[in-house]
Amino acid sequence: MAVVMRLISLILIVAALMLLGADAVTSLERGGDLTVRSLGTIWGLLHPASLNGFKSWIQNHAAFMAQGVYSSLALPGWAATGVLGVILAFIFGRRHGPE
């Protein structure tokens, strides 16, 4: 289980670095205008219909959570995946036995 979680944390960290690099390149292409893609923007680029369906479902079935979900979708993509990956890496890091 620990090996799988370390692999997932590595994948999340790599995804965060890729998203950070994409934001940096886009910022350079726009002449230094800072560009940060949110989780909602990234999800919308990958599959817009599922994002719209999820927002509709959250609004109709779990309205009490809607504001929190919308706030989490506004987080920078690299920050959300990177922080989660680093936390998982610390939790499931290598354990050294007694020496």
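## Helix α4 and its partners

In this predicted model, the buried residues of α4 pack against α2 and α3. Helix α4 runs over residues 66-73, and its buried residues are Ala66, Val69 and Leu73. These residues cover an arc of only 65 degrees around the axis, so they sit on the same side of α4.

The spacing fits a general rule. An α-helix has 3.6 residues a turn, so residues three or four places apart point the same way.

## An aromatic pair between α2 and α3

How many aromatic pairs are there? The count comes to one aromatic pair. Its rings belong to tryptophan 43 and phenylalanine 54. The ring centres are 5.2 Å apart, and the planes meet at 40 degrees. Stacked planes would be under 30 degrees apart and edge-to-face planes over 60, so this pair counts as tilted.

The pair links distant parts of the chain. Tryptophan 43 is in helix α2 (residues 39-46), while phenylalanine 54 is in helix α3 (residues 48-61). The two are eleven residues apart.

Are these two residues buried, exposed or partly exposed? Tryptophan 43 has 28% relative accessibility, so it counts as partly exposed. Phenylalanine 54 has a relative accessible area of 27%, so it is partly exposed too. Buried would mean under 20%.

## Helix α1: length and packing

Helix α1 covers residues 2-29, which makes 28 residues. At 1.5 Å a residue, the helix should span 40 Å. The C-alpha atoms at its ends are 41 Å apart, which agrees.

Several residues of α1 are buried: Met5, Ser9, Leu12, Ala16, Asp23, Thr26 and Ser27. Where do they pack? The buried residues of α1 pack against α5 (77-91). After α1 comes glycine 31. The phi of glycine 31 is positive, near 75 degrees.

## A closer look at serine 9

Serine 9 lies in helix α1. Its relative accessibility is 3%, so serine 9 counts as buried. What does its side chain reach? The side chain of serine 9 comes to 2.7 Å from the backbone oxygen of arginine 6.

Now set aside the neighbours of serine 9 within four places in sequence. Serine 9 is then in contact with Gly85, Leu88 and Ala89. Recall that the buried residues of α1 pack against α5, residues 77-91.

Terms used: Residues are numbered from 1 along each chain as its sequence is written. This is a predicted model: local features need pLDDT of at least 70, side-chain atom pairs count only at pLDDT 80 or more; totals for chains, interfaces and linings use all residues. Side-chain values use heavy atoms; hydrogens and water are left out. Rings of Phe, Tyr and Trp (its six-membered ring) pair if their centres lie within 6.5 Å; planes under 30 degrees apart count as stacked, over 60 as edge-to-face and the rest as tilted. Helices (H or I, at least four residues) and strands (E, at least two) are DSSP runs, numbered from the N terminus. Buried means under 20% relative accessible area, exposed over 50%, partly exposed in between (1.4 Å probe, protein chains only). The expected span of a helix is 1.5 Å times one less than its number of residues. Contact means heavy atoms within 4.5 Å. The arc is that of the directions from the helix axis to the C-beta atoms. A polar contact is a pair of N or O atoms within 3.5 Å; within protein, one must be able to donate a hydrogen and the other to accept it, and residues adjacent in sequence count only if both atoms are side-chain atoms.
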